[in-house]
Amino acid sequence: MIDIGAVWCHWCHVMDETTYADPEVAAALNSEFVPVKVDTDEGPDLDEYYQNAAAQVTGAGGWPLTCFTTPDGALFFAAGYLPPRPGSGPDGSGGETSSMLPLLARISQLYATDRASLEHAAEASAEKLKTALSQGAPAQGGLDGLRAQILAGLATSYNRESGGFMSGPGARFYDFPALELALAHGFYGHPEYTAMALDTMKKIAAGGVLDQLGGGFHRYSTDPDWRVPHFEKLGYDNAMALHAYSDAYEISGDEEFARVAKSIAGYVNRELFDPKTHAFYSHQDADSFKGDDGSYYTWTVDEVKRALPPDQARVAILFYGMEDAPALAPDGRIVLRHAMTPDQIAAKLKIPMAQVREKIAEASATMLAVRDRRIMPQVDHAVMTDRNALMSSAYLTASAALRDPSLQREAFDDLNFILAHLRALDGSFFHVWSDGHAQVAGLVADQVYLVDALVDAYQFSADQKYLAEAQTLATIILKNFRANGSGLLVNRDTEDASTVIAGSQASGQVFFDLPTPSVQATMAIATAKLALITGDDTYAQAANELMASAPAMAGSMLSSTVATVGLELEYRANGEATIAIASSANDARAADLWKTALASYRPGKVVIRIGSDRNASAMPAAARAMFASSTAKGVPLAFVCAGTACATPIAKPAKLAEVIRTFGVKGGDRTVIATDKPAVAQPPM
């Protein structure tokens, strides 16, 4: 029996404290089974396999996941949370087939009397899983057709009422890659997609899924309106959220998105940042004590009234939605959300809006101080390569958007720690740093997210070290983490070839964004950026090979689950842009151009620094020709190139921001060099 859970998982704790703590359950497990416990964060490859297998066999999924397998790991039955005996679960739940003791007895009996049938069922499920993960209805029209299909699917599935890309009752997940795709497509002449993304992000940030006092997003919403979360906070969710809200701020200039981005970074720095290693911890639990479920974050009206002066309490109760139809956690306590705007409160209470804002700020600070005296949910102190790479990339993006250099320094410190302490002998990187040493062989996600972060680090630092590390790691990934024949990225073979996982095939799962961005598409994006930065066409070829099977394998998936694939295709369709800053070393004017280039939203762009007295050969070909012919080589210049065209050299940051935003966008003719003069109409071809 394999129990798959997580340190942060509330119902995993419940099952540990009730089911596995039950003496009868423990005796039955130890006498008839070989119990195995898997942490989904330390063994995401195992979790992924059994999540897919469970969905095929019984429809079970999520955590905890309780799996019954043959000795080689082939699954024949799976369930989620199981109370120890019938009627012993919450509200009297648990039946003969949905509680642990009768289930153990039944499986033991079958294994003793009809073992062959169980093994046959397990083998059949393993074969079915191989087939299911390798087949799909291909998208028509190749990569272009797949891009159109993904974008159309986003538009069709968009929920105008509550935002996001799901409809009907039930839980809601953030789908940050889908929001990034909508922002990117909106930038390139489709403002309705920008509106979808920004509207969704505002609705999410106003809900109870965002910790309105301390910052950071909880795991997901238990309802369609983002009101009541599962209270765990996962590092990768907050990394993707920080990246998305920083991009939203860059593209819109709306301070609300900056506020959310700052609150996320503030939370991560306060609770997930390790001051000793300068790396980021993985997650934070929901529970503060046995039997708890998020009470650290929730309130009662009486608690607010006791904590605040009456005038502040009245404003806080309105602002945080505690009065009319409050969002209630499972224990009946109130989840804070932004239910009224300051101007609505000002109108209702007939006081100036400035006074309302002041009272909200004062009340929030006091409530946070009161909350800090509660027992805080524990933080998982494991440092994981994939999570840290995602967070470093997000910190770099946020540092430019928010003009906060401290975030950039933290990102570099984090990456430097990973490079120094988690490298394996073969040059790949371990998955986990815990108890003072690296452990768990690196997974493909560790390598891919790290190479992407290193490419970002090079653009933000101009330090050749990060570029060299990215190129070395890209070579290792393409050599050691690709399946023979298919070009699909895979985790390396397990040492025990007798298990079903060792025999499992490469599959379309690498195109999924669940729960983190597609490793296949992310690697294609990273190699395409390396091609732009280095001018080495072998990287562009690698990106093409990585995406070659996408139409066949991603065509039947929901658009919101393959959005990173869509993002890679969006970059291709709109001509990846290169912004080159050429100047002599240590020129403050060049630094201003560089900061502007990094902070200007343009999906898929790369930014490089080039000394005007050397290394001009590293510039894109079109910019190199312009640079060589320029008579102003002693003046810092920015070159913006898209596709086969480049804009006129730019010396002013404000002009650079405008050109980055407009050059080659909305179908402009990219074979013409842009100037500051009105464009000359071109004759029809």
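This dialogue walks through the strands, one buried residue and the enclosed spaces of a predicted model.

Visitor: How should I read the pairing of strands, beginning with strand β1 (residues 2–5), and which strands does β1 pair with?

Guide: Strands of a sheet pair through backbone hydrogen bonds, and the pairing is either parallel or antiparallel. Here β1 runs antiparallel to β3, to which three bridges join it, while β1 and strand β2 (residues 36–39) pair in the parallel sense over four bridges. To follow the register, take Asp 3, whose bridge partner in β3 is Thr 66, and then Ile 4, whose bridge partner in β2 is Val 38.

Visitor: Are the faces of β1 covered or open?

Guide: Both faces of β1 are covered, with Ile 2 and Ile 4 buried on one side and Asp 3 and Gly 5 buried on the other.

Visitor: Where does β4 come in, and how does β4 pair with strand β3 (residues 65–69)?

Guide: The two strands pair in the antiparallel sense over four bridges, and Thr 66 has Ala 79 as its bridge partner in β4. The hairpin of β3 and β4 has five residues between the strands, and in this hairpin Gly 73 takes a positive phi near 95°. As for the surroundings of strand β4 (residues 75–79), four of its five residues are buried, so the strand is largely enclosed by the rest of the structure.

Visitor: What is the strand order in the open sheet that contains β8, and which strands stand at the edges?

Guide: The open sheet is formed by three strands in the order β7-β8-β11, with antiparallel pairing. Because β7 (233–234) and β11 (379–380) each have a single partner strand, they stand at the edges, and one side of each is left without a neighbour in the sheet. Between strand β8 (residues 283–284) and β11 there are two bridges, and His 283 has Asp 380 as its bridge partner in β11.

Visitor: Is Glu 271 buried or exposed, and what does Glu 271 touch?

Guide: A residue counts as buried under 20% relative accessible area, so Glu 271, at 15% relative accessibility, is buried. Glu 271 has its place in helix α10, and its side chain makes a polar contact with the side chain of Arg 270 at 3.2 Å. Leaving aside residues up to four places away in sequence, Glu 271 touches Tyr 281, Gln 284, Met 376 and Val 379.

Visitor: How many cavities are there, and what lines the largest cavity?

Guide: The count comes to four cavities of 30 Å³ or more, and the largest cavity has a volume of about 770 Å³. Its lining has 35 residues, of which His 243, Asp 247, Thr 397, Lys 529 and Tyr 571 lie nearest the centre. Helices that each supply at least two lining residues include α7 (176–187), α15 (385–401) and α22 (563–573), while α9 gives the most, with six residues. By class, the lining of the largest cavity has 20 nonpolar, seven polar and eight charged residues.

Visitor: What can be said of the second largest pocket, and which elements line it?

Guide: About 780 Å³ of space lies in the second largest pocket, which is lined by 29 residues, with Ala 206, Glu 256, Phe 319, His 338 and Met 340 nearest its centre. Two or more lining residues come from each of α8 (191–206), α10 (255–272), α13 (342–349) and α14 (353–371), and α14 has the largest share, six residues. By class, the lining of this pocket has 13 nonpolar, seven polar and nine charged residues.

Definitions and conventions. Residues numbered from 1 in each chain as written. Predicted model: local features only at pLDDT ≥ 70, side-chain atom pairs only at ≥ 80, totals over all residues. Heavy atoms only, no water. 1 Å grid on protein atoms, 1.4 Å probe; cavity = no way out; pocket = protein on both sides within 12 Å on 5 of 7 lines; lining within 4 Å. Points joined across faces, edges and corners; volume = space filled by probe spheres on them. Nonpolar A, V, L, I, M, F, W, Y, C, P; charged D, E, K, R; others polar. Pairing = 2+ DSSP bridges. Buried < 20%, exposed > 50% of the residue type's maximum accessible area, 1.4 Å probe, protein only. Polar contact = N/O pair within 3.5 Å; in protein donor to acceptor, adjacent residues only side chain to side chain. Contact = heavy atoms within 4.5 Å.
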